[in-house]
Amino acid sequence: MIVPAEFYLILATILFFIGVFGFFTRRNLISLLVSTELMLNAVDINFAVFNAYSHPEQLEGFFFTMFGIGIAAAETAVAIAIIINVFRNAKSIHIKNLRNLKH
Amino acid sequence: MELLSTNILIFAALALFMATAAFAAVTTSRMMRAVTYLLFVLFGTAGIYFMLHYTFLGAVQIIVYAGGIVVLFIFAALLIGKGTIDVTHTSKMRYFAGLLTSVSGMLITLYLIVTGGFSTDKFTADGVPMKVVGTALMGTDKHNYVLTFEVLSILLLACMVGAIMIARKK
C-alpha cells in the first residue's frame with residue numbers, strides 16, 4: 001500500500017514551521033534567506049502531494065511546483081545580489097547593523 | 001503487505017532525515033554548515049518527489065535547487081567570509097517568542113490536517129510521462145502552460161539584469 005497523503009502534509013508542515021522559527025530567531029541575512037528557502041520548499045512539497053493524491057489527471061500542482069522552483073531561483077539570485085551589495089556598503093550582514101534601511 | 005511496510009519505512013527515514021537537517025540548518029551558528037544542511041533538505045525533497053513518482057520534478061529539484069541555488073548560497077557565504085558567523089540569537093525574549101509562534105502554528109496546522117479528512121485516495125504509481133510534460137508546457141489549450149512558461153523566462157531575464165545592476169561596482 002501507499003503512504004497516506006497526511007504523512008507528506010505533516011512533514012511539509014514541520015519543515016515550514018522550522019523555517020518560520022528560523023526566520024524569527026536568526027539575525028543574519030543569509031540565514032534568513034535559508035529559512036525562506038525551507039518555507040518555499042515545504043510549500044512546493046504540498047503542491048506536488050495534493051496533485052498526486054487529489055487530482056492526478058490534471059498536473060496543476062506539478063507545474064505549480066516547477067514554476068515555484070524557477071521563481072525561487074530568480075528570487076535567490078536577486079536576494080544574494082542585494083545581500084552582497086549590503087555587505088559592501090555596511091561591512092556587515094547582521095540585522096542590527098542595518099538600521100538605516102528602516103527610514 | 002510487504003510493500004506497505006517498505007514504502008512507509010523509506011518515507012519515515014526520509015522524513016526524519018529532512019526534519020533533522022532542517023532543524024540543524026536554522027540552529028547552527030556557522031553559515032557554511034547551515035547551507036550544507038539546507039542542501040540535505042533539498043535532496044530529501046527530491047526524494048519525496050521520487051516517492052510520488054514525479055521523476056521529472058525530482059530531477060528539476062536536484063538540478064535547479066540543489067545544484068544552482070546552493071551554489072549561489074555557498075558563493076555568497078564565501079564572499080562575505082568572516083561576517084557570516086551568526087553568533088547568537090539577539091535575546092531570550094525574541095527566541096522564545098519565535099519558538100512559541102512556530103510551535104503553536106505547527107500544532108494548529110497539524111490538528112487541521114489530521115482532522116481535515118482530505119479526499120486524497122486517487123494516487124496511482126504511474127508517474128508523468130515526459131511527453132505529457134512537454135506538451136503541457138508548450139500547449140495553448142486548457143491546463144497548458146505556455147504563457148506561464150514565457151512569463152517565467154522574462155522574469156528570469158529581468159532577474160539576471162537586475163542582479164547584475166545591483167551587484168556591480170559603482
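Axes here are lines fitted to C-alpha atoms, for helices over the stretch in contact, and angles run from 0 to 180 degrees between N-to-C directions. Keep that in mind for the helix pairs below. This is a predicted model, where local features need pLDDT of at least 70 and side-chain atom pairs count only at pLDDT 80 or more, while totals for chains, interfaces and linings use all residues. Residues are numbered from 1 along each chain as its sequence is written, and chains are lettered from A, with ligands numbered from 1, in the order in which they are written.

**The two chains**

Helices and strands are DSSP runs numbered from the N terminus (H or I, at least four residues, for helices; E, at least two, for strands). Chain A has three helices and zero strands, in the order α-α-α from the N terminus. Its radius of gyration is 17 Å, well over the 13 Å that the globule rule gives for 103 residues, so chain A is more spread out than a compact globule. That radius is taken over C-alpha atoms, and the rule is 2.2 Å times the number of residues to the power 0.38. Along the principal axes, the C-alpha atoms of chain A fill a box of roughly 55 × 25 × 20 Å.

Chain B has six helices and zero strands. A residue is buried if 20 or more other C-beta atoms, placed from the backbone, lie within 10 Å of its own (exposed: 12 or fewer; partly exposed: in between). Two residues are in contact if their C-beta atoms, placed from the backbone, lie within 7 Å. Here is how the chains look on those terms:

| Chain | Buried residues | Contacts with a separation of 6 or more that join residues 24 or more positions apart |
|---|---|---|
| Chain A | 50% of 103 residues | 44% |
| Chain B | 22% of 170 residues | 48% |

**Where they meet**

The contact takes 63 residues from chain A and 73 residues from chain B. On the chain A side, α1 (5–25), α2 (29–54) and α3 (60–90) each give two or more residues, and α3(A) gives the most, with 22 residues. By class, that side has 44 nonpolar, 14 polar and five charged residues. Ala, Val, Leu, Ile, Met, Phe, Trp, Tyr, Cys and Pro count as nonpolar, Asp, Glu, Lys and Arg as charged, and the others, Gly among them, as polar.

Now for two helix pairs across the contact. The axes of α1(A) and α4(B) (residues 92–116) come within 9 Å and cross at roughly 165°, so the two are roughly antiparallel (over 145 degrees; under 35 is roughly parallel, 65 to 115 roughly perpendicular and the rest oblique). The residues involved include Phe17(A) and Phe21(A) of α1(A), and Gly98(B) and Gly105(B) of α4(B). They divide into 13 nonpolar, seven polar and two charged.

α2(A) and α2(B) (residues 31–51) pack at about 5°, with their axes 10 Å apart, which makes them roughly parallel. Among the residues in this contact are Val34(A) and Leu38(A) from α2(A), facing partners that include Val35(B) and Leu42(B) from α2(B). The split is 13 nonpolar, three polar and one charged.

**A residue to look at**

Ala22(B) sits in α1(B) (residues 2–27). Ala22(B) is buried, with 29 other C-beta atoms within 10 Å. Leaving out residues up to four places away in sequence, Ala22(B) touches Leu15(A), Ile18(A), Leu38(A) and Val41(B).
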